[in-house]
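This report covers strand pairing and helix packing in one structure. The sequence and model are shown first.

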Amino acid sequence: MNPSQALSTVVVDELVRGGVREVVLCPGSRSAPLAYALVAAERAGHLRLHVRVDERSAGFLALGLARGSRMPVAIVTTSGTAVANLHPAVLEAHHAGVPLVVVSADRPHELRGTGANQTTAQPGIFGGSTRWSADLPAPVARPGLGPFWRSTVCRALAAAAGHIGGEPGPVHLNVALREPLVPDLAPDVTPDLVDEAVGGSASGQTNEPTPDPTADWPDNLDGRADRAPWVRTGVTEVTNWSHPSHPVTPLEEVARTLVVVGDTRDPALGERAAAWATERGHPIVAEPFGTAALRAEALPHGPLLLTVTDWLDAHAPERVVVVGRVTLSRAVGALLRRPGLVVEVVTEGSQWPDPSHVAAAVHPPAALRLGGPTTPDDDHGWAHQWRSAAARLADAVAAQPFPWPSGLAVASAVVDGLPGDGVLVLGPSNPVRDLDLAVAGPITDEVLANRGLAGIDGVVSTAVGVALARDLVPTVALVGDLTFLHDTNGLLIGPGEQVPDLTLVVVNDDGGGIFTTLEPGAPERAADFERVFGTPTATDLGALCQAHGIRHEVVATSADLTDAVAQPHHGIRVVEVRVDRATHRAAHTDLRTLAATTLSD
């Protein structure tokens, strides 16, 4: 057994002991020892391995698996640009608090800085975007290394999960490996039997004991008894605001309180905020993320209600309690900047979201204490007026169907077809905003999105990861055409890999539709719009899907779209809806006009 094989086997074994059950692997030569160790672990039934050929998409697949399973997920790459391609996913994980474990193979230290092929400065390559990082030196066959390797993996997992203080997020374990990079063969094993030598029969996954590749190492490399991790780190310190060990003062009661809920790392926080607000009679405005339990308590069309400034002037809150990160609506931002308004933030970590610098107080989740004393609404039925206005607005929107085809109509039709126990993954730009404005009430069991940086990177791969993690749960993604095209490599799934059941609804407006609703899309700026903002591609999505062996269909009516979303299926399919990009601005304006007219009566 060679040193690289020993190190890789121990690292993979300790990842499994620490709770990692999903690993994404990209092909490479320097990472070969890790690949062999992962195959052996999968064949022993310890983890599920996903092999992908594009590192950028693979990183987002791992991120989606972590979001869907709410467990740390590892992504393993070879050296060089392969590692750099993970940076977009690492950034999203950093800002969204997703436990992503990057394991990058590297050249040994004697080759760094020498011009050796595929060698760059990998330690620190992600800058300040990781919670913790380590550079494991290339191993040599000597005693005493096992505890060092295992405790290093435990440190990485603890930092990724936020177990020892701090917030969950990505970590980077850079592993230097020296040749030979393939496992040694036992004297009685021929090359034709190499699959068995690294961990079992090639015929499928088994739970049979596998040969121990570390058996002839200078000392014992075994882990703890009963497959326990080398270091137990499931202890939360005082610095973790989500579970403080010191008494927390509950939020004071203010009669005219509006609760605004954005994207939360833990969906339980959104549900807790909804329960706290409902117990006290406070109205809730919620972005579309989170669970059905949150949406059920929120005002229907709450974000749309905030666009009616005349009504808001007459019914302004005294205090807004912001829970999570609110990132979608300019109307919410304008509300928080209103003069005289008190803004208090409930945050999941040591950093709090407050881009306008208006927060007067910051609280941990425990401040949303249930069952405490409440203040009755003694301010002339203020909260009732909010609920009544939202109900009127919902009736008006329901009575005036959105024009087809439009982004608003697509969002509404998708929600109509979603099963109650499903998961919806939202892309950025127009689709998420259309849903935010157009849909009232619960959407489905849970809505997820990459809102850490809200980029179009890797959304297809994220949705694939969520679908694989949730397995039998119906999963649908709603994305725009540019978001889809930006990550078509997410459709690259080899014939030996598990394929999720996933419906990708693509709103094809042939370009950057979001810009038509923003300042560059104003009619007076039309001269340069199409080339530098509209960016049409004229891509044939059907031909693209055919090249990947993906089922594709174009729907022409709202009813057809709803039926397509509701229809059970196996594998990945793409449902394309063609929309005229020029209609977005008018559709949003008309909806806001309807809201203003409804509430002016």
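## The seven-stranded sheet

In this predicted model, an open sheet is built from seven strands in the order S9-S14-S13-S15-S16-S18-S17, and its pairing is mixed. The edges are taken by strand S9 (290-291) and strand S17 (551-554); each has a single partner strand, so one side of each has no neighbour in the sheet.

Within this sheet, strand S13 (residues 423-426) pairs with strand S14 (residues 446-449) in the parallel sense, over four bridges. Val 423 has Glu 446 of S14 as its bridge partner. Helix H20 (residues 558-566) packs on the sheet, where it touches strand S15 (475-480), strand S16 (502-508), S17 and strand S18 (572-578). The direction of H20 makes about 165 degrees with that of S18. Angles over 145 degrees count as roughly antiparallel.

## The S1-H2-S2 unit

Strand S1 (residues 22-25) and strand S2 (residues 48-51) are also paired in the parallel sense, and four bridges link them. Val 24 lies opposite His 50 in S2. Together with helix H2 (residues 32-43), S1 and S2 make a β-α-β unit, which is right-handed.

## Helix H1 against helix H6

Helix H1 (residues 3-17) packs with helix H6 (residues 145-161) at an angle of about 40 degrees, and their axes are 9 Å apart. H1 is therefore oblique to H6. The crossing of H1 past H6 is right-handed.

On the H1 side, the contact is made by Ala 6, Leu 7, Val 10, Val 11, Asp 13, Glu 14, Leu 15 and Arg 17. H6 contributes Gly 146, Trp 149, Arg 150, Val 153, Cys 154 and Leu 157. The residues of this contact between H1 and H6 comprise nine nonpolar, one polar and four charged.

## Helix H3 against helix H5

The axes of helix H3 (residues 55-69) and helix H5 (residues 87-96) cross at roughly 25 degrees and come within 7 Å. What is the orientation of H3 to H5? Angles under 35 degrees count as roughly parallel, so H3 is roughly parallel to H5.

H3 makes the contact through Arg 56, Gly 59, Phe 60 and Leu 63, and H5 through Pro 88, Ala 89, Glu 92 and Ala 93. By class, the residues of the contact of H3 with H5 are five nonpolar, one polar and two charged.

Conventions
Residues numbered from 1 in each chain as written. Predicted model: local features only at pLDDT ≥ 70, side-chain atom pairs only at ≥ 80, totals over all residues. Heavy atoms only, no water. Axes fitted to C-alpha atoms, helices over the stretch in contact; angles between N-to-C directions. Helix = DSSP H or I, 4+ residues; strand = E, 2+ residues; numbered from the N terminus. Parallel < 35°, antiparallel > 145°, perpendicular 65-115°, else oblique. Left-handed = near helix turned anticlockwise from the far one by under 90°. Contact = heavy atoms within 4.5 Å. Nonpolar A, V, L, I, M, F, W, Y, C, P; charged D, E, K, R; others polar. Pairing = 2+ DSSP bridges. Right-handed = clockwise from strand over helix to strand, strands pointing away.
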